[in-house]
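Me: I'd like to walk through this protein with you, one question at a time. Could you take a look and keep the answers short?

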Amino acid sequence: QVGQDMTYLVNDSCIKCKHTDCVEVCPVDCFYEGENMLVISPDECIDCGVCVPECPEDAIISDNDDSLKESSVDWLAYNTNKSAEWPNITEKQDPYPEYEKYQIMEDRIKFLDE
């Protein structure tokens, strides 16, 4: 990542929850909506960080977060690719149906791209 600005990314903690509190505060509208999660466009993110405290799932992480090294998913590539495919989301919506039962799941990653 030499020479690139930092960015924030959405990880698997968003899967099946999708609260969308984050999109409401984003000054550059860099969130994109998939079926069961959101992603951030790293090219559009200005690294302001206002979305981070808004997420009740702690699903928004910095692209230099240590957890990225341990993940089976390349979240930078995932957010980059999906933000190019999925529609932009700029307004808060109701969270994913029955999100409460998914919040406690440790392995939500199995629902990625279902």
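Me: How many cavities of 30 Å³ or more does the count come to?

Reply: Before counting, note that this is a predicted model, where local features need pLDDT of at least 70, side-chain atom pairs count only at pLDDT 80 or more, and totals for chains, interfaces and linings use all residues. Residues are numbered from 1 along each chain as its sequence is written, and side-chain values use heavy atoms, with hydrogens and water left out. A cavity here is a set of points, on a 1 Å grid over the protein atoms alone, where a 1.4 Å probe fits but cannot get out. With 30 Å³ as the lower limit, the count is two.

Me: What is the volume of the largest cavity, and which residues lie nearest its centre?

Reply: Volume means the space filled by probe spheres set on the grid points, which are joined across faces, edges and corners; for the largest cavity that gives about 90 Å³. Its lining (residues with an atom within 4 Å of a point) is made up of 16 residues. Nearest the centre are Cys-14, His-19, Thr-20, Cys-22 and Cys-55.

Me: And the second largest cavity: how many nonpolar residues are in its lining?

Reply: The second largest cavity has a volume of about 80 Å³ and 14 lining residues, with Cys-26, Cys-30, Cys-45, Cys-48 and Cys-51 nearest its centre. Ala, Val, Leu, Ile, Met, Phe, Trp, Tyr, Cys and Pro count as nonpolar, Asp, Glu, Lys and Arg as charged, and the others, Gly among them, as polar. Sorted that way, the lining has one polar residue, one charged residue and, for the nonpolar class, 12.

Me: Cys-45 caught my eye there. How far apart are Thr-7 and Cys-45 in space, C-alpha to C-alpha?

Reply: Thr-7 sits in the segment before β1 (8-10) and is buried at 3% relative accessible area (buried is under 20%, exposed over 50%, partly exposed in between, with a 1.4 Å probe and protein chains only). Cys-45 is among the residues Thr-7 touches, as are Ile-61 and Leu-76; contact means heavy atoms within 4.5 Å. The two are 38 residues apart in sequence, yet the C-alpha separation is 5.8 Å.

Me: Is Ser-83 buried or exposed?

Reply: Ser-83 is in helix α3, and a polar atom of its side chain lies 2.8 Å from the backbone oxygen of Asn-79. Leaving aside neighbours within four places in sequence, Ser-83 is in contact with Tyr-32, Val-39, Ile-40, Ser-41 and Pro-42. Its relative accessibility is 8%, so Ser-83 counts as buried.

Me: Now for the charges. Which residue meets Asp-21 in a salt bridge?

Reply: A salt bridge is a side-chain nitrogen of Lys or Arg within 4 Å of a carboxyl oxygen of Asp or Glu, and the whole structure has eight. For Asp-21, the N to O distance is 3.3 Å, and the partner is Lys-92.

Me: Why does that pair tie together parts far along the chain, and how many residues apart are they?

Reply: Asp-21 is partly exposed at 22%, and Lys-92 is partly exposed too, at 38%. Asp-21 lies in helix α1 (residues 21-25), while Lys-92 is in the loop between α3 (75-85) and α4 (99-103), so the bridge joins parts whose separation in sequence is 71 residues.

Me: What is the distance between the closest N and O atoms of Lys-69 and Asp-66?

Reply: Lys-69 is exposed at 67%, and Asp-66 is exposed at 51%. They form a salt bridge, and the closest N and O atoms are apart by 3.0 Å.

Conventions:
Helix = DSSP H or I, 4+ residues; strand = E, 2+ residues; numbered from the N terminus. Polar contact = N/O pair within 3.5 Å; in protein donor to acceptor, adjacent residues only side chain to side chain. 1 Å grid on protein atoms, 1.4 Å probe; cavity = no way out; pocket = protein on both sides within 12 Å on 5 of 7 lines; lining within 4 Å.
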